[in-house]
Amino acid sequence: MLNITSCTVTNNNGLLLKYSILSIVNYIDEIFIFNDSSNHDYNYVLNELEKYENVTIFTTSEFGKDLGKKKQFLVDNARHDIVMRWDDDFVLYDVDLLYDAYKILQIPRFKGIVAQN
């Protein structure tokens with residue numbers, strides 16, 4: 001597992017989120033999902049993802065509609081120095097790219113990487 005924290009804010013707790021998280025769950029040490037759905041009832045996708053040891057789901061209405069505060073909340077709770085924004089519609093297709101980015105970020109002069117699709 002790579003010492004990376006991924007941060008996802010989502011209000012769409014459907015199959016796309018499931019595929020997105022499953023694409024990284026075997027590579028990323030800490031996966032945070034901020035459930036921004038107004039419907040906090042049982043959701044089978046979130047329930048299924050929560051079974052993974054490295055997935056943590058946060059649900060709170062404390063931040064209202066402020067997306068920036070929600071993202072910062074996840075970053076503030078991250079254990080790792082490398083924090084990755086991972087939208088709920090991202091799917092990892094090239095694991096080598098993830099490993100290459102991780103190696104680059106081990107070099108102190110590099111502070112971030114922007115990957116283009």
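The accessible surface discussed here is an area obtained by the Shrake-Rupley method with a 1.4 Å probe. In this predicted model, the accessible surface of the chain amounts to about 7,600 Å², and carbon and sulfur atoms account for 48% of it.

The overall dimensions come next. The C-alpha atoms occupy a box of roughly 45 × 25 × 25 Å along the principal axes. The radius of gyration of the chain is 14 Å, which agrees with the value near 13 Å for a compact globule of 117 residues.

The chain contains 4 helices and 4 strands, and along the sequence these elements follow the pattern β-α-β-α-β-α-β-α. Among contacts between residues at least 6 apart in sequence, 76% join residues at least 24 apart.

The interior may now be considered. Of the 117 residues in the chain, 38% are buried. In soluble globular proteins, nonpolar side chains tend to be buried together. Here the largest nonpolar core has 20 residues, and I4, I21, I31, I33 and V55 have the most contacts inside it. At least two residues of this core come from each of β1 (2-10), α1 (15-22), β2 (28-35), α2 (44-49), β3 (55-58), β4 (82-85) and α4. Another core, of 8 residues, lies apart from it and includes C7, F34, F63 and L74.

Not every nonpolar side chain belongs to the interior, as a surface patch shows: I104, I107, F110 and I113 form a nonpolar patch of about 300 Å² on the surface. I107 is located in the segment after α4 (95-105). This residue counts as partly exposed because its relative accessibility is 35%, a value between the 20% and 50% limits of that class.

Key: Residues are numbered from 1 along each chain as its sequence is written. This is a predicted model: local features need pLDDT of at least 70, side-chain atom pairs count only at pLDDT 80 or more; totals for chains, interfaces and linings use all residues. Side-chain values use heavy atoms; hydrogens and water are left out. Patches are made of residues with over 30% relative accessible area and no salt bridge: like charges are joined within 9 Å, nonpolar side chains (Val, Leu, Ile, Met, Phe, Trp, Tyr) within 5 Å. A salt bridge is a side-chain nitrogen of Lys or Arg within 4 Å of a carboxyl oxygen of Asp or Glu. Buried means under 20% relative accessible area, exposed over 50%, partly exposed in between (1.4 Å probe, protein chains only). A nonpolar core is a set of buried Ala, Val, Leu, Ile, Met, Phe, Trp, Tyr and Cys residues joined through side-chain atoms within 4.5 Å. The radius of gyration is taken over C-alpha atoms; the globule rule is 2.2 Å times the number of residues to the power 0.38. Contact means heavy atoms within 4.5 Å.
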